[in-house]
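This report describes salt bridges and one helix in a single chain. The sequence and the model come first, and the description follows.

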Amino acid sequence: MFDNVIDTKYNINMFFYWRFKNNRSKCLVTKWFKVYEMIKKAMIMAAGAGTRLNPLTLEYPKPLIPVANVPVMEIILTHLKKYGINKVIANTHTLAEQIHNKFLENNLGIDFNFVYEGELAGTAGGVKKTQYFFDKDEDFIVISGDALTDINFDHIIEVHKKYNA
């Protein structure tokens, strides 16, 4: 039934299945597609004190520690943007104003928002405090503000959707 099928991945949310059927001199193309809802938002956990990185974190919040002269959180935001995620919220606490000043107005194409935690709420508490930012039943990415990664979000999201996680 699916002879000569090519499975090509486009973007974060679409997987196209092409069926090529030869009809003498013509090549007819029939397209089936399965669309996964695109994830457009993320939450970055950026409130921690980063005491294990002292004395660096006495001057800079952990997400702003540079790697190759680029703050880790900027690397994260750039990576999220590559996957079409352009609305981001972060919980902040330690030296929070530095994070706010760096990313509220940015040239990364990211709509950056934040929630300041006067008192640390813990990992799940930080995510809970940003709940208003997300629509009901909306899927979103949660990533640590000090996670230096090149993770394939396409694959993560595909598996997440496949298993109705």
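Helices and strands here are DSSP runs, a helix having at least four residues and a strand at least two, and they are numbered from the N terminus. The model is a predicted one.

**Helix H5**

Just after H5, asparagine 164 has a positive phi of about 50°. At the N-terminal end of H5, asparagine 152 acts as the cap, with a side-chain oxygen 2.9 Å from the backbone nitrogen of aspartate 154. H5 itself spans residues 153-162, and its buried residues are Phe153, Asp154, Ile157 and Lys161. These residues lie on the same side of H5 because they cover an arc of only 100° around the axis.

**Salt bridges**

The count of salt bridges comes to four. Three of them are listed below, including the N to O distance and the separation of the partners along the chain.

| Pair | N to O distance | Separation in sequence |
|---|---|---|
| Lysine 41 and glutamate 138 | 3.6 Å | 97 residues |
| Lysine 62 and aspartate 146 | 2.9 Å | 84 residues |
| Glutamate 74 and lysine 102 | 3.4 Å | 28 residues |

The side chains of lysine 41 and glutamate 138 meet in one of these salt bridges. The pair links distant parts of the chain: lysine 41 belongs to strand S4 (residues 41-46), and glutamate 138 to the loop between helix H4 (122-129) and strand S9 (141-144). Lysine 41 counts as buried at 11% relative accessibility. Glutamate 138 is also buried, with a relative accessible area of 16%.

A further salt bridge joins the side chains of lysine 62 and aspartate 146. Here too distant parts of the chain are linked, with lysine 62 in the loop between H1 and S5 and aspartate 146 in the loop between S9 and H5. Lysine 62 has 18% relative accessibility, so it counts as buried, the cut-off being under 20%. Aspartate 146 is partly exposed, at a relative accessible area of 34%.

Glutamate 74 and lysine 102 form another salt bridge through their side chains. This pair connects helix H2 (residues 72-82), which holds glutamate 74, with helix H3 (residues 96-103), which holds lysine 102. Lysine 102 is partly exposed, with a relative accessible area of 37%.

**Surroundings of lysine 62**

The loop that holds lysine 62 runs between helix H1 (56-59) and strand S5 (66-67). Which residues does lysine 62 touch, not counting residues up to four places away in sequence? Lysine 62 touches Gly50, Leu53, Thr57 and Asp146. Of these, Asp146 is the salt-bridge partner of lysine 62.

Technical notes. Residues numbered from 1 in each chain as written. Predicted model: local features only at pLDDT ≥ 70, side-chain atom pairs only at ≥ 80, totals over all residues. Heavy atoms only, no water. Buried < 20%, exposed > 50% of the residue type's maximum accessible area, 1.4 Å probe, protein only. Arc of directions from axis to C-beta. Polar contact = N/O pair within 3.5 Å; in protein donor to acceptor, adjacent residues only side chain to side chain. Contact = heavy atoms within 4.5 Å.
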